[in-house]
Amino acid sequence: MPSSSIHLRSYAKINWTLDVLFKRDDGYHELRTIYQTISIHDLIHISETSGTIEIVCNDPQVPCDETNLAHKAATQLRELTGTTLGARIEIEKRIPIAAGLGGGSSNAAAVLVGLRRLWNRQPDESELIRIAAGLGSDVPFFLVGGTALGVGRGEEVYSIEQAECEHLLLVNPGFEVSTTEAYGRLSRLTSARSAAMMPFTFFAAKGIRELSLAVTNDLEEVVLAAHPEIAEVKHRLLSLGARRALMSGSGATVFGVFENVETSRLARSEMRAAGYWSEPARTISQREYWDTLFQ
């Protein structure tokens, strides 16, 4: 691979748990969430240029101007490091857009990591995290990967014992859900005490191994009420053999946890026949995440 270009996988995420505590003074909600990187990914190809930041994407729904998170990430990293170099960033989208899977956030984090290597700049880690947190609540998680606890508005991330699940099925009904509207509809919030205990409950009685069966999402009730199509997806997955099914993030993607590959494949065929986007996935540990991030 030429030194003037670099290629990365930009992995998606799901939320095993998402507890919403209270509305903060800054307008965000205080969260406790368990993030998980999964195998479905976009591809990012970055080539060094003489001074401009350019975004190219195979999906016309993705903005290729300064509003793109990957563009913002590159611009802010360039300002931080003082380099005059630029980049052409090509994004091959495989992750559905605005689907609760963190695709845009993952792209931004991949660009930060990739350009740090391509431009041969080593900013302080805290500065990189500051940029990531400013771009979006999920972006810092993709500088960690694997299974991780997110606190604050989700941007404060701590790696925890890695969960394993080989047979996930992702299903998306084909529309976007507004994160702002989802949080705005919340009336009941998780108590601070139960959220504070949450990370520790998974380690009792081999809890981390059962994490995929202990899934919860405080946003699910209000989003499913507003979008019954998502409730239908969840119901279908459970009827097709999923041991658990949950909306990821603010939706609209639902993931099902299956016992084996045969049941998962049958469910995928049924969901696709019904007109849904549906793809199999598995968990990606923190170690595998960093071992395979660069192609």
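**A tour of three helices and a sheet**

Start with the first two helices: α1 passes α2 in a right-handed crossing. This is a predicted model. Select residues 69-81 for α1 and residues 103-118 for α2. Their axes lie 8 Å apart, at an angle of about 30°. Angles under 35 degrees count as roughly parallel, so α1 and α2 are roughly parallel to each other.

Now show the side chains at this contact. From α1, pick Leu 69, Ala 70, Ala 73, Ala 74 and Leu 77. From α2, pick Gly 104, Ser 105, Asn 107, Ala 108, Val 111, Leu 112, Leu 115 and Arg 116. Colour them by class: nine are nonpolar, three polar and one charged.

Keep α1 on screen and add residues 125-135, helix α3. The axes of α1 and α3 come within 10 Å. They cross at roughly 150°, and this crossing is right-handed.

Which residues of α1 meet α3? Select Leu 69, Lys 72, Ala 73, Gln 76, Leu 77 and Leu 80. Across from them, in α3, are Glu 127, Leu 128, Arg 130, Ile 131 and Leu 135. Colour by class again: the contact of α1 with α3 has seven nonpolar residues, one polar and three charged.

Next, the sheet. Four strands form an open sheet, ordered β9-β10-β7-β11, with antiparallel pairing. Select 244-247 for β9 and 277-281 for β11. These are the edge strands, and each pairs on one side only. Ignoring direction, neighbouring strands here are turned by 20° against each other on average.

Zoom in on β7, residues 168-172. Five bridges link β7 to β11, in the antiparallel sense. To find one of them, click Leu 168; its bridge partner in β11 is Ala 281.

Stay with the sheet and add residues 228-239, helix α7. Which strands does α7 lie across? They are β7, β9 and β10, the last at 254-257. Helix α7 runs at about 10° to β10.

Last, colour the chain by pLDDT. The average is 89, and 91% of the residues score at least 70. Then select residues 200-206, where the pLDDT is below 50. Beyond near neighbours in sequence, this stretch has nine contacts in the model. Where pLDDT is low, predicted coordinates should not be read in detail.

Technical notes: Residues numbered from 1 in each chain as written. Predicted model: local features only at pLDDT ≥ 70, side-chain atom pairs only at ≥ 80, totals over all residues. Heavy atoms only, no water. Axes fitted to C-alpha atoms, helices over the stretch in contact; angles between N-to-C directions. Parallel < 35°, antiparallel > 145°, perpendicular 65-115°, else oblique. Left-handed = near helix turned anticlockwise from the far one by under 90°. Contact = heavy atoms within 4.5 Å. Nonpolar A, V, L, I, M, F, W, Y, C, P; charged D, E, K, R; others polar. pLDDT = per-residue confidence, 0-100. Pairing = 2+ DSSP bridges.
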